[in-house]
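Here is a small set of exercises to try with the sequence and the structure side by side. Have a go at each task before you read the worked solution.

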Amino acid sequence: MKILVALKQVPDTETRIKVAADGRSLDPADVKWIISPYDEFALEEAIRIKEGKGAEVIALSVGGDSVKDVLKNALALGADSAVLLRGDGQSDAFAVAQMIAAFAKDKGFDLILCGNKGLGGDNAAMGPMLAELLGVPQAGVIVKLDLGDGTFRAEREIEGGSEIVEGSLPAVITAQKGLNEPRYASLKGIMAAKKKTIEEIEAAPATAGVQITSLTLPPERPAGRKMEGDPAAQASSLLQALKDEAKVF
Amino acid sequence: MILVFCELKEGLLRKPSAEALSEGRRLADASGKRLGALFAGASCAGAAEAAKYGADVILTAEAPTLASYSSDAYAAVLADAVKAKGATVLLAAATAVGKDVAPRAAARLGAGYASDVTGLSMVDGKLQAVRPVYAGKAFATTTFATAVQVATTRPNVFPAAEKSGAGAVESLPAPSGDFKSVVKEILAKASGKVDLSEANIIVSGGRGMKDGANFKILEELADAIGGVVGASRAAVDAGWGLPHSMQVGQTGKVVSPTLYIACGISGAIQHIAGMSGSKFIVAINKDSEAPIFKLASYGIVGDLFEVVPELTKAAKAMGIGQA
Ligand SMILES: Cc1cc2nc3c(=O)[nH]c(=O)nc-3n(C[C@H](O)[C@H](O)[C@H](O)COP(=O)(O)OP(=O)(O)OC[C@H]3O[C@@H](n4cnc5c(N)ncnc54)[C@H](O)[C@@H]3O)c2cc1C
Ligand SMILES: Nc1ncnc2c1ncn2[C@@H]1O[C@H](COP(=O)(O)O)[C@@H](O)[C@H]1O
């Protein structure tokens, strides 16, 4: 079984967001880049499948030099090989899906694991788009995955519960929190990764779907009001305010 | 035409779909286009309700193969309808199904896609979207480079406004092809309450709740004021038996209720990422310096175990939630 794991590098949530001079992108100055947390679940799942029934795991990221960190980490965690697809991996999920589809098309992957969404951009789009471009089924927001002989059975989160999706392999599966507990890289893994190389490929040209024309900071929330008095007084003045001022009730 | 993919639940139009339709109506009026509501299923009984939200035409794709949700089959239905009607804008609500099917349909149409948008407008005949990014710390105005434009609308953000439309029903042929995935069964949680992502009032508890059993006082408050209960990740991960589906935040649900009451939640950025779109935020925390107060429209500095029961009592006394 051959598994592709797509890993996206994203700005750390703690990053203070500053808009660049162009008014439409993130000022990269103070950004700390991390692997999107959902992608860690995707990678962990791939490694567990490899440990369970045997598989070749290929980690892939679309981006520039900086994504090598993500790929090295994937190698240290147990990926067999890593591919850096040189291209813009941030601006548009549709373009990224085209690049990954062009790479994956003839490689015979049985399973493609993605994160449910790339933190920050929060598109939650690349996986389903990739599945469509490859003409394979998808299952998204997955908290449990079982593989059969050429089939999958996955539990996906929906409003108020979950549902079971079944389909055939190859397929694209997008990982949600709860799928597994990602491990940390072992010293042995880190040493072994040092000996592996990252294959670098120029991404195929892609057509853009969307572009960001302006990035703005949200307006400051007006200062709030604290309720005075003992708990009973606080409670009744809060409800009164919610009723009369906020008109929530 | 502006086409809105709509979902039915037990024969009734889902609220997020009504919201998407209303927004579609507004955009159609602004750009002189017609509004189509699109339904798929084994039966689309109930689809006529879309006329209440301004649909000029109601398109129904009915086939046994569409009885359960299948991402590939449904994406084909959406893309086929867009092509058949020459629609330029395709909207769906950002629900579990909407978020799954819309990007797939977009790829099938070679179209750009903006997900979970909180603002839409038509500029020179093309869709423009505003979406929160970077944990709600910024808003991205997004334009489309493609002839067809696809977006999902965040539930609870766009008002569902009634406006009657002609609502002429037209049936579409079932999608053809060999579809490779299907939903086999639904494992619903026992509670019949609305999902957090659609709730109008949310009462959330954090690590300050100290134990899962204590969430009972939040349930009581929520019941009194017509809300549902959520939680911070610290509470969900504490091993108190709270399901992940309750988690609000960056790695949980993104919610946009009218009222969000945070009890014993400090206000970490990852939590705020999930609830900063709430219209009114109430913080109940014993630490007056907790960051959540910076966001709160109303704050109560105090012990939640004293304040929450008082709120429930006062809500009942005032007859709130009885209307
Ligand atoms: C990658 C990543 C993703 C994350 N995703 C999420 C997410 O989706 N959602 C999320 O919530 N967090 C998320 N987190 C975790 C987040 O950083 C915080 O750790 C978490 O939100 C803290 O939860 P809390 O506010 O309940 O707990 P704490 O920060 O411990 O706060 C507890 C609060 O309760 C107050 N308190 C205690 N006792 C009482 C009392 N008796 N009465 C009143 N107040 C009391 C305290 O003063 C304190 O402010 C994520 C973190 C990471 C790294
Ligand atoms: N630049 C990229 N390189 C590799 N994988 C990506 C990239 N962008 C997105 N992905 C994958 O697609 C998922 C969804 O991303 P997004 O649609 O951007 O929210 C991520 O969790 C990754 O698994």
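**Exercise 1. Is Ala124(A) buried or exposed, and where does it lie?**

Solution. Keep in mind that you are looking at a predicted model.
- Step 1: Find Ala124(A) in the loop between β6 and α4 (126–134) of chain A.
- Step 2: Look up the relative accessible area of Ala124(A), which is 18%.
- Step 3: Compare that with the cut-off: buried means under 20%. Ala124(A) is therefore buried.
- Step 4: Now check the backbone. Ala124(A) is not a glycine, yet its phi is positive, at about 50°. Most residues other than glycine have a negative phi.

**Exercise 2. Describe Asp116(B): its place, its backbone and its salt-bridge partner.**

Solution.
- Step 1: Asp116(B) belongs to strand β7 of chain B.
- Step 2: Its phi is near 55°, a positive value in a residue other than glycine.
- Step 3: Asp116(B) forms a salt bridge with Arg154(B), and their closest N and O atoms are 3.3 Å apart. The cut-off for such a pair is 4 Å.
- Step 4: Arg154(B) sits in the loop between β11 (149–153) and β12 (168–172) of chain B, while Asp116(B) is in β7, so the salt bridge ties together parts that are 38 residues apart in sequence.
- Step 5: Both ends of the pair are buried: Asp116(B) has a relative accessible area of 14%, and Arg154(B) has one of 11%.

**Exercise 3. Work out what two further salt bridges, Asp80(A) with Lys50(A) and Glu23(B) with Arg26(B), connect.**

Solution.
- Step 1: Take chain A to begin with. In the bridge between Asp80(A) and Lys50(A), the closest N and O atoms are 2.9 Å apart.
- Step 2: Asp80(A) is in the loop between α2 (68–77) and β5 (81–86) of chain A, and Lys50(A) is in helix α1 (residues 37–53), so this pair links parts that are 30 residues apart in sequence.
- Step 3: Asp80(A) is partly exposed at 31% relative accessible area, and Lys50(A) is partly exposed at 26%.
- Step 4: Turn to chain B. Glu23(B) and Arg26(B) meet in a salt bridge of 2.8 Å, N to O.
- Step 5: These two residues are three apart in helix α1 (residues 15–31) of chain B, which means that about one helical turn separates them.
- Step 6: Glu23(B) is buried, with a relative accessible area of 5%, whereas Arg26(B) is partly exposed at 45%.
- Step 7: For the wider picture, the count over all chains comes to 34 salt bridges.

**Exercise 4. How many disulfides does the structure hold, and why is Cys44(B) not in one?**

Solution.
- Step 1: A search of the whole structure finds zero disulfides over all chains.
- Step 2: The closest cysteine sulfur to that of Cys44(B) is in Cys6(B), 10 Å away. A disulfide needs two sulfur atoms within 2.5 Å, so the sulfurs of Cys44(B) and Cys6(B) are too far apart for a bond.
- Step 3: Check the burial of the cysteines too. Cys44(B) is buried at 4% relative accessible area, and Cys263(B) is buried at 0%.

**Exercise 5. Which strands pair with β1(A), and in which sense?**

Solution.
- Step 1: Strand β1 of chain A covers residues 2–6, and four of its five residues are buried.
- Step 2: β1(A) pairs with β4 (residues 56–63) of chain A in the parallel sense, over five bridges. Here Ala6(A) stands opposite Leu60(A).
- Step 3: β1(A) also pairs with β6 (residues 111–115) of chain A, again in the parallel sense, over three bridges. In β6(A), Leu111(A) is the bridge partner of Ile3(A).

**Exercise 6. Where is Pro170(A), and what kind of peptide bond joins it to Leu169(A)?**

Solution.
- Step 1: Pro170(A) is in the loop between β9 (161–168) and β10 (171–175) of chain A.
- Step 2: The peptide bond between Leu169(A) and Pro170(A) is cis, with omega about 0°. Most peptide bonds are trans.

Conventions
Residues are numbered from 1 along each chain as its sequence is written. Chains are lettered from A and ligands numbered from 1 in the order in which they are written. This is a predicted model: local features need pLDDT of at least 70, side-chain atom pairs count only at pLDDT 80 or more; totals for chains, interfaces and linings use all residues. Side-chain values use heavy atoms; hydrogens and water are left out. Buried means under 20% relative accessible area, exposed over 50%, partly exposed in between (1.4 Å probe, protein chains only). A salt bridge is a side-chain nitrogen of Lys or Arg within 4 Å of a carboxyl oxygen of Asp or Glu. Two strands pair if DSSP finds at least two bridges between them.
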